[in-house]
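Visitor: I should like to discuss the salt bridges of this model and the setting of one helix. May we have the structure before us?

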Amino acid sequence: MENASAIRWPGGHRAAVILSFDVDGEYGEVNHRGADDWYWRSNAQYDQQAGIWRILRVLADFGVPATFCWVGKVAEERPHIVKAAFDAGHEISTHGWDHRYYQGMSEAEQRDDLVRTRDLLEQITGERPSGHKTPGWRFSSETIGILQELGFLWNMDYASNDVPFLMAPDSAKPPIVQLPPSRLWDDYSYFVDPIAPPRHAFEMWRDDLDVLRAEGKLMCLTFHPWVTGRPAPSRALTMFLDYAISLGDVWIARADHIASWWRDQASTARP
């Protein structure tokens, strides 16, 4: 059994939380349901019209930073939204060019997709993204090696732990910090596949945070502005933030800040 007492977060924090927002535009639902399903395409377009602005207001009200995982085509179409999130102090990371799944791509196709998305986001913000979340979490066995080759810092794909861990297919290059997600921490699981009251999502996240806090671990939540950005679902986020902040010892931080800290700690611990 893992020794939880060996896990330490900075500043006396007992647990860490990452709020990640996947800005898919219509492309996630196009890939999932087909290009002819205009009802779902219109639902997903809500993120750019209203959802992301509500999310940015909530984050500003609570004074917390977040990580926004951007589909490249959405950023290309609405660069001012990317800039608004960046200027508010949030991290900008990659989430594929058009939300196609990587499991069906060759290594060359994945590399091109990552570089194209990364370079566009850097052009918009002036800062090169250091993190990546694969669309639909459908990565391939080659994805980590490509991220490492391209110099990325972190990835949020492997749901196999509840603390960060290092992955280094090439031992000669700096490792990738894996920040584990969970389907239980994804708003899609509460407000799209089923339809649940916001308090149900909040209660699950609260109870998971209580366990992780007792064990000194990490919680990586995944939100979509077209889902959590809607009126009632946004209450699940505000209830969770009210609770997490009230505890007084939960580190709510951007993915790049947590990944950098973790990799530095791992480097210091090496003999």
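Visitor: Is E26 buried or exposed, and what is its relative accessible area?

Guide: This is a predicted model, in which local features need pLDDT of at least 70, side-chain atom pairs count only at pLDDT 80 or more, and totals for chains, interfaces and linings use all residues. Residues are numbered from 1 along each chain as its sequence is written, and side-chain values use heavy atoms, with hydrogens and water left out. Buried means under 20% relative accessible area, exposed over 50%, and partly exposed in between (1.4 Å probe, protein chains only). E26 is therefore buried, its relative accessible area being 12%.

Visitor: With which residue does E26 form a salt bridge?

Guide: A salt bridge is a side-chain nitrogen of Lys or Arg within 4 Å of a carboxyl oxygen of Asp or Glu. For E26 the closest N and O atoms of the pair are 2.4 Å apart. The partner is buried too, at a relative accessible area of 13%. That partner is R41.

Visitor: Why does the pair of E26 and R41 tie together parts that are apart in sequence, and how many residues apart are they?

Guide: Helices (H or I, at least four residues) and strands (E, at least two) are DSSP runs, numbered from the N terminus. E26 lies in the loop between β1 (15-23) and α1 (27-33), whereas R41 belongs to helix α2 (residues 38-44). The pair therefore joins parts whose separation in sequence is 15 residues.

Visitor: Which residue meets K173 in a salt bridge?

Guide: K173 is partly exposed, at 34% relative accessibility. Its partner is likewise partly exposed, with a relative accessible area of 28%. The N to O distance is 2.9 Å, and the partner is D170.

Visitor: Which residues of α9 are buried, and where on the helix do they lie?

Guide: Helix α9 (residues 198-215) has 18 residues. The buried ones are P198, A201, F202, W205, L209, L212 and R213. Seen down the axis, they fall within an arc of 100° (taken over the directions from the helix axis to the C-beta atoms), so they line one face of the helix.

Visitor: Against which elements do the buried residues of α9 pack?

Guide: Contact means heavy atoms within 4.5 Å. One of the buried residues, R213, is also linked with R14 and D249 in a network of salt bridges. The elements packed against are β1, α8 (188-191), β8 (218-223), α10 (231-247) and β9 (250-252).

Note on methods: The expected span of a helix is 1.5 Å times one less than its number of residues.
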